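User: I would like to go through the salt bridges and one helix of this model, and hear the reasoning behind each label.

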Amino acid sequence: MTESRIEAVTARLCAVSRQQYVNPYRDLVWPERLDLDQWFTSPELISLHGTAVYEALREDQQRRLSFYEAVNFFSLNIHGEKALIEGLARRLYQRDKGAIAPYLHHFLDEENKHMVYFGGFCNRYAGKIYPDRKLDVPRDYQPGEEDLLFFARVLIFEEIVDVYNVAMAADRRLAPIAREINRAHHRDEARHLVFGREIVAALLDQYRDQWAADVLRGIKEYLQTYLVATWKEYYNPDVYRDVGIEDAYAIRQRAFSSDTCVAHRVRVTERCLGYLQQHGLADRNFAL
């Protein structure tokens, strides 16, 4: 890892984190009750948007769907950030992480605040968090491989989330609390993405020449599989059932494979996939 560059990047990010420090218990005003006849997810970002099932819904049903899609989006973030916090805490005082340790403290603090936002919405207004369905299978790693996969997973997850955050923070159709949560999350994620791109590139530079071709191939296949699995979680049959849509699993399969939804995923993932391909972490012909 090129410590001089990483130290310079983390020093700059630490300074901004200190300047933009927020208290999540003070800076977000929670309505006592929500009128569910509002938009909570931008219609264009609803997983079924553009499908025949979505078009057949009345507008009040589409708005109710947008509420549960927001609950799913926030639930995905809770599960993603729990795994991220565990991974960051495990790496915090490792000997070879001295160059990034100062920023890991801010990273941990900010991700914990994000769970306050997301969990606050889900528990207050839906009374639940959708369960995490990702499976993690333990295995052995080559030197540096586990760190690379951890930070690359984080980067992939946050790249997709941030596109949604930016769009919904600016969408005046949405309920104010939904806009504000997306705005607050993006404010910190912009820094996390800068850090993620730097650390993944640095780890590649440090270890790539030490890995055999089959290790690099396995890393690429793993990240491509993770990218597809992450997207599949946006199409949650529990959401569809909660708004009374029948055959939820079949609907999920049809929506995920529809041309409209594929095109949406390609647009949202364009920057993320371009980064992975640029660094040899995804095939040029990889399709979502």
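Analyst: A salt bridge here is a side-chain nitrogen of Lys or Arg within 4 Å of a carboxyl oxygen of Asp or Glu. By that criterion, this predicted model holds 21 salt bridges.

User: What makes Asp147 and Lys97 a salt bridge?

Analyst: Their side chains meet at 2.7 Å, N to O. The cut-off is within 4 Å, so the pair counts as a salt bridge.

User: Where in the chain are the two partners?

Analyst: Asp147 is in helix α5 (residues 145-169), and Lys97 is in the loop between α3 (59-91) and α4 (101-126). They are 50 residues apart, and the pair links distant parts of the chain. Both Asp147 and Lys97 are buried.

User: How do you know that Asp242 and Lys128 form a salt bridge?

Analyst: The N to O distance between their side chains is 2.5 Å. With a limit of 4 Å, the pair therefore qualifies. This salt bridge also links distant parts of the chain: Asp242 is in helix α8 (residues 237-242), Lys128 is in the loop between α4 and α5, and 114 residues separate them.

User: Why is Asp242 called partly exposed?

Analyst: Its relative accessible area is 32%. Buried means under 20% and exposed means over 50%, so Asp242 falls in between. Lys128, at 29% relative accessibility, is partly exposed because 29% also lies in that range.

User: What joins Asp238 to Arg133?

Analyst: Their side chains meet in a salt bridge of 2.8 Å, N to O. Asp238 is in helix α8 and Arg133 in the loop between α4 and α5, 105 residues apart.

User: Why is Asp238 called buried, and Arg133 partly exposed?

Analyst: Asp238 has a relative accessible area of 14%, which is under 20%, so Asp238 is buried. Arg133 has 47% relative accessibility; this is between 20% and 50%, so Arg133 is partly exposed.

User: Which residues are joined into one network by salt bridges that share partners?

Analyst: Arg91, Asp96, Lys97 and Asp147.

User: How do you know that the span of helix α7 is close to the expected one?

Analyst: Helix α7 (residues 213-232) has 20 residues and reaches 29 Å from its first C-alpha to its last. The expected span at 1.5 Å a residue is 28 Å, so the two values are close.

User: Which residues of α7 are buried, and what do they pack against?

Analyst: The buried residues are Val215, Ile219, Leu223, Gln224, Tyr226, Leu227, Thr230 and Trp231. They pack against α5, α9 (248-257) and α10 (259-278).

Conventions
Residues numbered from 1 in each chain as written. Predicted model: local features only at pLDDT ≥ 70, side-chain atom pairs only at ≥ 80, totals over all residues. Heavy atoms only, no water. Helix = DSSP H or I, 4+ residues; strand = E, 2+ residues; numbered from the N terminus. Buried < 20%, exposed > 50% of the residue type's maximum accessible area, 1.4 Å probe, protein only. Contact = heavy atoms within 4.5 Å.
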